[in-house]
Structures are given as structure tokens and as C-alpha cells.
Amino acid sequence: CGCLHFSGHGFPDKLAFEDGTGGACWLDKQGIRDYVHQKPFTLVFVSACYSRYMGMAFVEAGVKHVVCCKYNEKIKDGAAIKFTHHFYMALAEGYTIRNAFEKGKDAARKCCVKEANKFLLLPH
């Protein structure tokens, strides 16, 4: 698979997934290393608060491009939705990942400039 998209709750050192019973299942940096195999994804999108640390874990595991949020920031749902929609639409139209990222930021900026500046494309 070329792309992994996670949309959920992030914490400074982990992501929250749901287990089979509706409880929390935590994925930390080591868990990412364990789950990203020898042929890592080309793109990972971590749409979660505080996701830079986890985004860096994907980069360290060999993922070429990671979209995430600054480490010390929460992200508003409205900005995340706008960013995500425009990012994926630009990819579908044939834009590069970098240009699609900028399109997403432009769309989020219309919602709130401060929110748009929270998105990151790794590695820099």
C-alpha cells in the first residue's frame, strides 16, 4: 500500500487507536517501528493533535513523506477537514506531495491562519 491515513486522537508520545472492544489501544514510537515493514508506505498522513513526534517515527522507519501537526499543538477539526480535503484533491489532480501540501495549507489558512501554520510535511 502506498498511503496510510490516521485520523484520530494524538498525544505527545503516542496515538490512540480503538481495540476490538471499544477501548484504547496505544501506539508509540516503538510500535510504529514494529508495524512499518521493510517496504514502508510512500506517504503517511497523521491527522491528530501533537503528531510531530509520531510523524518523525514514521520518517525514521523509512516513510518518504509524512504529513502531521506540530508537536506542541492541538488542531481544530474544521482546519483539519479543510486541509485534508484540499490535500487529497490536489493529489488526485496530479500535484506533487509538496504542492498538494501547500494547497491544503492555503485552504486551512482561509479557515484560520494560525491553524494552517500547524501542519508539517516531513522530512523538511
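Start by selecting Pro123, which sits in the segment after strand E7 (119–122). The structure on screen is a predicted model. Display the backbone between Leu122 and Pro123: the peptide bond from Leu122 to Pro123 is cis, with omega near -10°.

Go on to His124, which also belongs to the segment after E7. His124 is exposed, with a relative accessible area of 69%. To get a sense of scale, select Tyr35 as well and draw a line between the two C-alpha atoms. His124 and Tyr35 are 89 residues apart along the chain, and their C-alpha atoms are separated by 23 Å.

**The cavity**

Rolling a probe the size of a water molecule over the atoms shows where empty space is left. For the whole structure, the search finds 1 cavity of 30 Å³ or more. The volume of the largest cavity is about 40 Å³. To see what surrounds the space, select Phe45, Val46, Ser47, Ala48, Cys68, Cys69, Ile75 and Phe119, the residues that line the largest cavity. Two elements each give two or more residues to this lining: strand E5 (43–47) and strand E6 (65–69). E5 gives the most, with 3 residues. Colour the lining by class, and 7 residues come out as nonpolar, 1 as polar and none as charged.

**Ser47**

Keep Ser47 from the lining of the largest cavity and hide the rest of that selection. Ser47 is located in strand E5. Is Ser47 buried or exposed? With a relative accessible area of 12%, Ser47 is buried, because buried means under 20%. Now show what surrounds this residue. Apart from neighbours within four places in sequence, Ser47 is in contact with His5, Phe6, Ser7, Gly8, Ala80 and Thr84.

**Aromatic pairs**

A pair of aromatic rings is described by the distance of the centres and the angle of the planes. In this model the count comes to 9 aromatic pairs. Begin with Phe6 and Phe17, an aromatic pair that is tilted, at 4.6 Å centre to centre with 50° between the planes. Phe6 lies in strand E1 (residues 3–7) and Phe17 in strand E3 (residues 14–18), so this pair ties together parts that are 11 residues apart in sequence. Phe6 is buried, at 9% relative accessible area, whereas Phe17 counts as partly exposed at 36%.

Next select Phe83 and Phe87. Their ring centres are 5.9 Å apart and their planes are at 10°, so the pair is stacked. Phe83 and Phe87 are 4 residues apart in helix H3 (residues 77–92), which means about one helical turn separates them. Phe83 is buried, with a relative accessible area of 0%. Phe87 is likewise buried, with a relative accessible area of 0%.

Then widen the selection. Which residues do ring pairs link into a cluster with Phe83 and Phe87? The cluster consists of Phe45, Phe83, Phe87, Tyr88, Phe101 and Phe119. Two of these names, Phe45 and Phe119, appear in the cavity lining too.

One further ring deserves a look, that of Trp26. Lys14 lies over the face of Trp26, at 5.3 Å from the ring centre.

**Along helix H3**

Select Leu91, which is found in helix H3. At 26% relative accessibility, Leu91 counts as partly exposed. Leaving out neighbours within four places in sequence, the contacts of Leu91 are Leu43, Thr96, Ile97 and Ala100. Add Phe101 to the view: Leu91 and Phe101 are 10 residues apart along the chain, and their C-alpha atoms are separated by 9.0 Å.

**Around helix H2**

The last stops are Tyr50, helix H2 and Gly62. Tyr50 lies in the loop between E5 and helix H2 (52–60). Check the backbone there: Tyr50 has a positive phi of about 55° although it is not a glycine. Follow the chain into H2 and select Met54, Gly55, Ala57, Phe58 and Val59, the buried residues of this helix. Finish at Gly62, just after H2, where phi is positive at about 110°.

Definitions and conventions. Residues are numbered from 1 along each chain as its sequence is written. This is a predicted model: local features need pLDDT of at least 70, side-chain atom pairs count only at pLDDT 80 or more; totals for chains, interfaces and linings use all residues. Side-chain values use heavy atoms; hydrogens and water are left out. On a 1 Å grid over the protein atoms alone, a cavity is a set of points where a 1.4 Å probe fits but cannot get out, and a pocket is an open set with protein on both sides within 12 Å along at least five of seven lines; lining residues have an atom within 4 Å of a point. Grid points are joined across faces, edges and corners, and a volume is the space filled by probe spheres set on the points. Ala, Val, Leu, Ile, Met, Phe, Trp, Tyr, Cys and Pro count as nonpolar, Asp, Glu, Lys and Arg as charged, and the others, Gly among them, as polar. Rings of Phe, Tyr and Trp (its six-membered ring) pair if their centres lie within 6.5 Å; planes under 30 degrees apart count as stacked, over 60 as edge-to-face and the rest as tilted. Buried means under 20% relative accessible area, exposed over 50%, partly exposed in between (1.4 Å probe, protein chains only). A charge sits over a ring if NZ of Lys or CZ of Arg is within 6 Å of the ring centre and within 35 degrees of the ring normal. Contact means heavy atoms within 4.5 Å.
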